[in-house]
Amino acid sequence: MNNGYYTSGEFARKANVTIRTIRFYDKQGILKPSKVSDAGYRLYTDEDFGRLQKILSLKYLGFSLEEIMALTINDDREDMANSLKLQKELIRKKIRHLEMMEQTLEDTSRMVETWGVMDWNSILNLIHITNMEHAIVDQYKTSVNISARMELHRRFSHNPVPWFQWIASLIPIETMGRVLEVGCGNGQLWRQFAPEVLRGREIHVTDASAGMVEDAWELLGKSGRENLIFETEDCQKLSFGDGMFDGVIANHVLFYVKNLPVALGEIRRVLKPDGVFWCSTYGKEHMKEITWLVQEFDPRITLSEVALYELFGLENGQELLEGTFEQVEKVMYDDYLLVDEAEPLLEYIMSCHGNQSEILGKRQQEFKRFLKRKIGEKGGLRITKMAGVFVCRGLR
C-alpha cells in the first residue's frame, strides 16, 4: 500500500481474488478504481475494499451482475433486505423442487412396480398435482405471502368498505352460537367483529396450515376475543361432529381444495339443517391487468400454475354448490384498485404462486423500473377486481 492506495495486484491479493476478477468488475462498471496514476496504474482504497467484499458476498449468494450493480450503487438498505429475502426464497424453492422431483421419482417407481408399464398420462398428472400441492403449502406456511396481497388491496382499493369488513357485514354473527371458519389465513375476518359481539359464542378459527393458525393466534389471541378457538383442520376431513355449526365460512379457499366434492360434503355434514355457508371467490377478470403487465415484461411468466377461478370461481361456483345446497345466492363486491407505487405491486406479484420468482428473481431491479415506468405513463394503474360471495342455505 502506498499513500493510502493499493495497486491492482495488492488489492487482489488482499481480497484473495485474481487480478482478472478486479479488471472484470472494473470493465463491468461495478467497481471502478478510486484513482488512476499518471503511469496508468489503477489504484484502490480501503473503502473500495469494503465495496469489493460486498460484491463478492452478493455474488456468493447468487445475485446477478445487474442486481449487484444496483445494490452497490444505490446502497439502499430496504432494497438490500428485500433482495436478500428474495434470494433466500429462491434457494428454498430450488431445494423444495429437488425434493418434489425425488418424491415424484419414488411415486413413479411404485407405479411401474404395480402396473409393469409406464402410464405417462398418470405420471404427468401426478407431477402436476405434486407441484401444485407443494406450491400451495409453501405459499401459506405463514401469512407473509397472503399479507403482501392483502396490503395491496388495503392501500389501493376504491371501495371505502374494505373486503373483510364487507364480508363481516353479510354474517349475522349475533344470531349464531357456533361458527367455523375454514382457511382462516391470518385471521383478519375476526378483527371486524368487536369482542363484545363475539362473547358467548363458540368460534373455531381453522386452517390446513399450522403456520397460518399460529399467525391468526398472534393477531387475535390477545385481543379480548378469548372465545376464539384456533385449530389446524383440513376442510376435506373435519374433526367436528355432525350438525355442530350454525354457520361455516370459507374465504377464498375452495379453489385450493384438492377434492372439492369431499370438502363440500364435510361442510354440509358439520352444518345444522338450517345453517348457512358463506364462501367467497373471484372471477376470470379479477386482477387481469397484473397478468398483462408481467407478460408484457416477460411472456414466460405465469402467476398461477392453474387458473384458480376455473376450479371454483364466480362463473361456475353456483353450479358446483347447487349439488350440496338448495339455495345459492351470489353477492358481488364492487371495487377496483388504483395503484401509484411500484413497490407494493412488486411485492404482490412476487407473493403469487406461479413461476415469477424464478424468472424475475435475477431481474427484480429491472422489473421494478418497468413497473415505475408503466405507473408514470398512466398516472397510476387501474386494476379490475371481480370478487364476491356465495351464500348457501338448505342442505340437500
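In this predicted model, a good place to begin is lysine 14, whose charged end sits over the ring of phenylalanine 49, 4.5 Å from the ring centre. A second contact of this kind involves arginine 382, with its charged end over the ring of tyrosine 336 and 3.6 Å from the centre of that ring.

Phenylalanine 49 also leads into the aromatic residues. Across the whole structure, a search finds 16 aromatic pairs. One of them joins tyrosine 6 to phenylalanine 11 in a tilted arrangement, at 6.4 Å centre to centre and with 40 degrees between the planes. Both tyrosine 6 and phenylalanine 11 are buried. Phenylalanine 11 pairs with phenylalanine 49 as well, this time edge-to-face, with 6.2 Å centre to centre and 80 degrees between the planes. Because phenylalanine 11 belongs to helix α1 (residues 8-15) and phenylalanine 49 to helix α3 (residues 46-60), this pair ties together parts that lie 38 residues apart in sequence. Phenylalanine 49 is buried, as is phenylalanine 11. Together with Tyr44, the residues Tyr6, Phe11 and Phe49 make up one aromatic cluster.

Helix α2 offers another view of buried and exposed residues. Within this helix, which spans residues 19-27, Ile22, Tyr25 and Asp26 are buried. Looking down the axis of α2, the buried residues fall within an arc of 105 degrees and therefore line one face of the helix. Arg20, Arg23 and Lys27, on the other side of α2, are exposed. Just after α2 comes glycine 29, which takes a positive phi of about 80 degrees.

Methods:
Residues are numbered from 1 along each chain as its sequence is written. This is a predicted model: local features need pLDDT of at least 70, side-chain atom pairs count only at pLDDT 80 or more; totals for chains, interfaces and linings use all residues. Side-chain values use heavy atoms; hydrogens and water are left out. Rings of Phe, Tyr and Trp (its six-membered ring) pair if their centres lie within 6.5 Å; planes under 30 degrees apart count as stacked, over 60 as edge-to-face and the rest as tilted. Buried means under 20% relative accessible area, exposed over 50%, partly exposed in between (1.4 Å probe, protein chains only). Helices (H or I, at least four residues) and strands (E, at least two) are DSSP runs, numbered from the N terminus. A charge sits over a ring if NZ of Lys or CZ of Arg is within 6 Å of the ring centre and within 35 degrees of the ring normal. The arc is that of the directions from the helix axis to the C-beta atoms.
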